[in-house]
Amino acid sequence: MFVRKLMTMVLTLSSLTGMYFALEASAAEQGFGLITDQPGKAMRLWYDAPAPDSDLGWANASIPMGNGYMGINVFGGTERERIQITENSLYDWADKNSGLKRRGLNNFAEVYIDFDHSKTSNYKRGLNLNEGVSYVSYEQGGVQYAREYFTSYPDKVMVIRLSASKAGNLSFTLRPTIPFLGDGKSGSVSAKGDTVTLSGVMTYFNIQFEGLFKVIPRGGTMKAAESAITVSDADSVVILIAVGTNYEFDPQVFLTPEPSEKLKGFPDPHAKVSGYLAEASAKSYEELLANHQADYTELYDRVSLDLGAAEPVITTDELVDAYPDGPSSRYLEELAFQYGRYMLICSSRKGTLPPNLQGIWNVYARPPWSSQYLHDTNVQMAYAPAFCANLPELFESYADFFNVFVHQQRQYATEYVGKYNPSQLDPDGNNGWSGPFWTNPYNVTGKSPVAGFGTGSWIAQMFWDYYDYTRDEALLEDTVYPVMYEQANFVSRFVQEIDGALLAKPSSSPEQKLRDTVGTTFDQQMFYENHHNTLTAAKILGRSDNRLKLYEKQLPLLDPIQIGKSGQIKEFRQEEFYCDAHKSLDPHHRHTSMLLGEYPGQLINDTTPAWLDAVQTTLTLRTRKSHIGWARAERIAFWARVHDGNEAYLFFQDLLAGNLLHNLFNDHRGGPLFQADANYGVTAGVVELLMQSQDYVVSPLPALPSAWPDGSYRGLLARGNFEVAAQWSNGQARQLEVVSKVGGPLALRYPNVAKAVIKTAEGQTVNFVAQGTDQVRIETAKGQTYVVTDIPACTPVAAPTELEIAKDLKTQLGLTWTGSADAASYNLYRAVGNAPDYEQIASGVTDTRFAYKASDLKQLEQITFKVTAVRADGRESDSGPTVVRLLP
């Protein structure tokens, strides 16, 4: 954790252990199997009753599905099935549109299938996450009825198969309907032959929409009447559903001010939607299912997590209600992790709009916050698992959307540079792009006092992560670098020199009530991260663009971290002690925006231990009082990054016990009020417990909670495009695996890893450089798997506690602390002011008190002191208490 002199030596496995000589052995011959070859664990939700046919039932109990083109909620009724459809471009608005629930994303369709089965038994419905298929089954009158549902991205349709165990026993009426007609929405439904057509217009943006429902029976008869199709006495039936609007990814949408003209000239959706349906109906059900599963499982199967839980015999609603005390609580934790990945696969696919606050699922005419895109944490949280949970290509949905609305943001950038720092304005309009707060498919805002311009650099950071986790240099050149460079262009013109630093003015920390101030940590950290990433990308690409030298000069002046008198990372520059900048500030606020440089950023990491300790102090002061789902998800990751897995796990438990609905949707703050961001965020948070790489050192199990003593995972993605797997028992890693997807140097950190056996999957000896006992460096080959076994167990050193300044004589301090039972001696450190790292001031201290003398004590306004324990074997505690000394 601290700056140490590392002994570096080139070792081979044989010289390290003396165990292996000329003969090589494969993984199988060595007696261990590869974790990466193990099948994924079965993950499913299941219930013994349909979801109630109500808005509450939709939020709490319906099964969500999706393929980017549509979001689906299946209720599973027996008398009447209800299938609710969302299409993310079907949007309403009003000139005065405020409040929690307001015009925005609209409910596309309510589809009913009337079975009139009222005397059923053995009912079951569920969702198989491994296959992306949901189902319903039950018996009536001696007949077994079954339904399967899936939403296919490659074929752009929803597919439903209905069947009966006895021939000629399947009868029903299909009735698609248009909800909320008459309030800015018109339309009609008609049936002809084997197809029901649903079409209409949302008037505010003049959105034309259409849905087609094709019925393909096997046996029996079929009759179309007005707006429904009735099937009688069939053996089985397949129903295909395709939907769409005349929305297109075109800058015209955002650059046209008149709402009704935004989609002018775009074609009616009929040809598109009917084309989807025609192509799908030319394939058999088996072909459609195979296409769907080939696409879905290629994404989903990349990652598996097993915490040792058996599949529960109780239903999922009972599982949720019993948490955390139920016998299957570990299974719910596994399920919540994979459910976030499932939801992202459903809601973020290339060629479709990205997930909004509600993902791709909305039943209302006036959804919460209009189902918009909020860029002060919600969008970024949606995409956090895309990278670390090995779904990076799902970010393309947002990247395409951004490249449409950024044209408007360039205009805003010119406006704001001219308004706030006119001396830096480029009169030709080359002023980069400014960050938005909220966006919807039709509008993007200018400046908002709710959040500072750091939102733009946070967006750019997502693009950097897309490269950093894939290491695709063509992607960096064509997609990522232009976004970052332009954002840095805006920032470089917007910031002003104030007190020797380059600060944002005006500046706001997201959703705090102290607004339009100067140099909030949110803005400064985000600006710093993007400047740094832009310069790094330029070096990789060999670029020499004309503003790069300016960015390099500006970088240290962006002053991203200020340490306050409580030892906290300040949120506001005028803050001294924690949260004292203004009486309106909430010390337990859901947003913790001053810590974004720690997560999801890279600025604060193990190479900046003083800052990392300040993060922990800040988190402790923030407390666990916020009940907001996404805030709890974010705190999991924050605490994991300071390597406190047990504290992170408390927030994980809080979220699962307090925010999960029966269908695992996140209840934002009660109501219920569904918001999807916590579902995505909890997945990313769990990854941080199991694997980290923010400092370009792959670190398996860096914050493992004691509640997970045994387990395994595979497929987590680290920066550098390394796939990581781990298996552990009794809290100790037994086997680690790293797949090098693109080659290049691998830095791997785990206690005693340099004393372990490291081979390729084929059993070849691996040469590596040991950096101390806990870190190795390997020059990897593309496609090769590196297997680490026989890792000597490491017992952590218990840290001392309660460091205090007992006496302050201006040039001499008396430091005291409560000792550690493991300590043979203690090390003491200090960090001056805002320093990111500690300097060692004493070692080999055997008492629990120390008199520290230094001539500069009477000049230094603020010093953070820290003490750690050193065991007889030389290992140092990973943490230790701190205390802040302020100049008397």
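This note goes through a predicted model point by point, from paired charges to enclosed spaces and unusual backbone geometry.

1. The salt bridges are a good place to begin, and by the rule applied here the count comes to 46 of them. One of these joins the side chains of R366 and D183, with a distance of 3.5 Å from N to O. The two residues belong to distant parts of the chain, 183 residues apart: R366 sits in the loop between helix 7 (329-347) and strand 19 (373-374), while D183 sits in the loop between strand 11 (170-177) and strand 12 (185-192). R366 is partly exposed, because its relative accessibility is 34%, and D183 is partly exposed as well, with a value of 36%.

2. A further salt bridge pairs K350 with D400, and here the closest N and O atoms are 2.9 Å apart. This pair also links distant parts of the chain, since K350 is in the loop between helix 7 and strand 19 whereas D400 is in helix 9 (residues 396-420), a separation of 50 residues. Both partners fall in the partly exposed class, K350 at 40% relative accessibility and D400 at 25%.

3. What kind of link do the side chains of D654 and R624 make? They meet in a salt bridge with an N to O distance of 2.8 Å. D654 lies in helix 16 and R624 in the loop between helix 14 (609-622) and helix 15 (629-641), so the pair ties together parts that are 30 residues apart in sequence. The two ends of this bridge fall in separate accessibility classes: D654 counts as buried because its 16% relative accessibility is under the 20% cut-off, whereas R624, at 37%, counts as partly exposed. If residues up to four places away in sequence are set aside, D654 touches R624, R632 and N659. The helix that holds D654 runs over residues 645-658.

4. Salt bridges can also share partners, and in this model such sharing joins D53, R80, R82 and E110 into one network.

5. Is D468 buried or exposed? This residue of helix 10 is buried, with a relative accessible area of 1%. Its side chain makes a polar contact of 2.8 Å with the side chain of R719. Once neighbours within four places in sequence are left aside, the residues in contact with D468 are Q602, Y696, R719, G720 and N721.

6. Turning to enclosed spaces, the count comes to 13 cavities of 30 Å³ or more, and the largest cavity has a volume of about 150 Å³. It is lined by 16 residues, and those closest to its centre are A384, F387, D465, Y599 and P600. The elements that contribute two or more residues to this lining are helix 8 (378-388), helix 10 (454-470) and helix 17 (677-690). Sorted by class, the lining of the largest cavity consists of 10 nonpolar, 2 polar and 4 charged residues.

7. Among the open spaces, the second largest pocket has a volume of about 290 Å³. Its lining is made up of 18 residues, and W369, L374, F437, E511 and R590 lie nearest its centre. By class, that lining divides into 8 nonpolar, 5 polar and 5 charged residues.

8. E511, one of the residues nearest the centre of that pocket, also deserves a look for its backbone. Phi of E511 is near 65°, which is a positive value in a residue other than glycine, and E511 is found in the loop between strand 22 and helix 12. Phi of D116 is positive too, being near 60°, and D116 is placed in the loop between strand 6 (105-114) and strand 7 (121-128). D116 is exposed, because its relative accessible area of 59% is over the 50% cut-off. A student may find these values worth checking, because most residues other than glycine have a negative phi, and most peptide bonds are trans.

9. Which peptide bonds leading into P324 and P506 are cis? The bond from Y323 to P324 is cis, with omega near 5°, and the bond from K505 to P506 is cis, also with omega near 5°. P324 is in the loop between helix 6 (316-322) and helix 7, while P506 is in the loop between strand 22 (501-503) and helix 12 (521-541).

Terms used: Residues numbered from 1 in each chain as written. Predicted model: local features only at pLDDT ≥ 70, side-chain atom pairs only at ≥ 80, totals over all residues. Heavy atoms only, no water. Helix = DSSP H or I, 4+ residues; strand = E, 2+ residues; numbered from the N terminus. Contact = heavy atoms within 4.5 Å. 1 Å grid on protein atoms, 1.4 Å probe; cavity = no way out; pocket = protein on both sides within 12 Å on 5 of 7 lines; lining within 4 Å. Points joined across faces, edges and corners; volume = space filled by probe spheres on them. Nonpolar A, V, L, I, M, F, W, Y, C, P; charged D, E, K, R; others polar. Salt bridge = Lys/Arg side-chain N within 4 Å of Asp/Glu carboxyl O. Buried < 20%, exposed > 50% of the residue type's maximum accessible area, 1.4 Å probe, protein only. Polar contact = N/O pair within 3.5 Å; in protein donor to acceptor, adjacent residues only side chain to side chain.
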